[in-house]
Amino acid sequence: MAVKINENYLLLESNYIFTEIVQRVDKFQKEHPDANIIRMGVGDVIRPLPKAVVDGFQEAVDEMGHVETFRGYGPEQGYSFLIKEIVANDYAPLGINLSEEEIFISDGAKCDTANIQEIFGQDNTVAVTDPVYPVYVETNVMAGRGGPMDDEGHYQGIVYIPCTEENGFIPDIPKSPVDLIYLCFPNNPTGTVLTKDQLAKWVDYARENGSIILFDAAYEAYIQEDNIPHSIYEIEGAREVAIEFRSFSKNAGFTGTRCAYTVVPEELVAYDTKGQTHSLNMLWNRRQTTKFNGVSYPVQMAAKAVYSVDGQREIRESIDYYMKNAAIIRESLDQMGLRVYGGVNSPYIWIKTPENMNSWEFFDLLLNKTHVVGTPGVGFGPSGEGYFRITAFNTLENTEEAIRRIADLSL
Ligand code: MLT
């Protein structure tokens, strides 16, 4: 016996939820080779990259093949040509002024929301909404902040804020003080949103309590309604208490191409044990420069093309396409008498399972009887038990076919 493992990993469920789903569906497909499975489980896009993006990508690849235009290591924080577009297009129209140094380009919001906890001390109390994108919880468990899981599926070291039908999936401010708060809106998995007033309560809480909000805005492009904030920095005072994560995955189809960014405002500070303040922007920069060598030049050029006139038009077409699917799913399931949420400002539809079936029972029922795959709500946390998530990320034809098959079940 010599090398020891990080035993925190032993506290995790054996599989990441989306790996578990893929494995179960692959097994089912092997056993039923003729089944035409419609996958609406993992939130992965299906529409191709916009033409403008492919063109930008290709030109940059060509540049890499010529000695005059070849590029080696880029800045770990990302190229200025992309950061400028982000500042001008994603934030300036919202009345938010960011400096280039506040933006860090990365290869994914998943990685950034997973890695951000590294710059915070071990003793911080972490709060998450429940259900929740599992990455926030599991990375804190890996880092030793989770502790063992209780019988209900809560890691004992983590504060869970239930979001259920009873509170309209709107998280209440926790009763005991918390330090780090992960919020994701539009929400994955429930598809619900916070209004500006509702988000302002969290910003006020963080300011009064000295907490930091880790705000995942990966789905902001799906917001259709007014008065729903696209960025937490639309809320007064948020620059002092919030880090924001954005992604090109869900708006521009970069799930396989990989590009995202994180905003760490210069005002943001946290404390050492002696009570000295430290800039989180500097700490994140320190972390990234040591552990990350930046996103490839062609990928950043592809991301830049998202902001071109054609790029913007094309990504809007894709979002509209998915939102049409979302409306079909939402309205059809509602007509079948199911209780459905989300799908208005989000590509996710959250369903209360019929007849008090548990989440995995409903998963099995749909897979076996309709060959439609969704995600069991309990995979996102104990308060997700008895719910089920379906994504709008599919073709219109598959979406309509899936709905026809579910309707035939007469739930
Ligand atoms: C999901 O289905 O929730 C997605 O896979 C989340 C992600 O982008 O990692």
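Is E100 buried, exposed or partly exposed? E100 is partly exposed, its relative accessible area being 28%. The legends below describe close-up views of a predicted model.

**View 1. The salt bridge between K84 and E100.** The closest N and O atoms of K84 and E100 are 3.1 Å apart. K84 belongs to helix α3 (residues 80-91), whereas E100 sits in the loop between α3 and β2 (103-106), so the salt bridge ties together parts that are 16 residues apart in sequence. K84 has a relative accessibility of 47% and counts as partly exposed. E100, at 28%, is also partly exposed because its value falls between the limits of 20% and 50%. By the rule applied, the model has 19 salt bridges.

**View 2. The salt bridge between R239 and E102.** The side chains of R239 and E102 meet with an N to O distance of 2.5 Å. The pair links distant parts of the chain, 137 residues apart: R239 is in the loop between β6 (212-216) and β7 (242-247), and E102 is in the loop between α3 and β2. R239 is partly exposed at 22% relative accessibility. E102, by contrast, is buried, with a relative accessibility of 1%.

**View 3. A salt bridge within helix α12 (residues 396-408), formed by R405 and E401.** The N to O distance between the side chains of R405 and E401 is 2.9 Å. The two residues are four apart, about one turn of the helix. R405 counts as buried at 15% relative accessibility, while E401 is partly exposed at 25%. Elsewhere, E102, R239 and E267 are joined into one network by salt bridges that share partners.

**View 4. The ligand and the residues around it.** The shell consists of F18, V42, G43, Y133, N188, Y219, K250, Y348 and R389. By class, five of the shell residues are nonpolar, two are polar and two are charged. A polar backbone atom of G43 lies 2.6 Å from an oxygen atom of the ligand. In the side chain of Y133, an N or O atom is 2.6 Å from a ligand oxygen atom. For N188, the distance from a polar side-chain atom to an oxygen atom of the ligand is 2.8 Å. On its own the ligand has 270 Å² of accessible area, and the protein covers 84% of this. Domain 1 (7-48 + 310-407) and domain 2 (54-308) both contribute residues to the shell, so the ligand lies between them.

**View 5. Two cis peptide bonds, F185 to P186 and N188 to P189.** The bond that joins F185 and P186 has an omega of about -10°. P186 is in the loop between β5 (180-184) and α6 (196-209). For the bond from N188 to P189, omega is near 20°. P189 is likewise found in the loop between β5 and α6. N188 is also one of the residues around the ligand.

**View 6. Positive phi at N356 and S410.** N356 is not a glycine, yet its phi is about 55°. This residue lies in the loop between β12 (348-352) and α11 (359-370). N356 is exposed, with a relative accessible area of 70%. S410, also not a glycine, has a phi of about 50° and is located in the segment after α12. At 61% relative accessibility, S410 counts as exposed.

Note on methods. Residues are numbered from 1 along each chain as its sequence is written. This is a predicted model: local features need pLDDT of at least 70, side-chain atom pairs count only at pLDDT 80 or more; totals for chains, interfaces and linings use all residues. Side-chain values use heavy atoms; hydrogens and water are left out. A residue is near a molecule or strand if one of its heavy atoms lies within 4 Å of it. A polar contact is a pair of N or O atoms within 3.5 Å; within protein, one must be able to donate a hydrogen and the other to accept it, and residues adjacent in sequence count only if both atoms are side-chain atoms. Accessible areas come from the Shrake-Rupley method with a 1.4 Å probe; for residues, only the protein chains shown count as cover. Ala, Val, Leu, Ile, Met, Phe, Trp, Tyr, Cys and Pro count as nonpolar, Asp, Glu, Lys and Arg as charged, and the others, Gly among them, as polar. Domain bounds come from an automatic or database domain assignment. A salt bridge is a side-chain nitrogen of Lys or Arg within 4 Å of a carboxyl oxygen of Asp or Glu. Buried means under 20% relative accessible area, exposed over 50%, partly exposed in between (1.4 Å probe, protein chains only).
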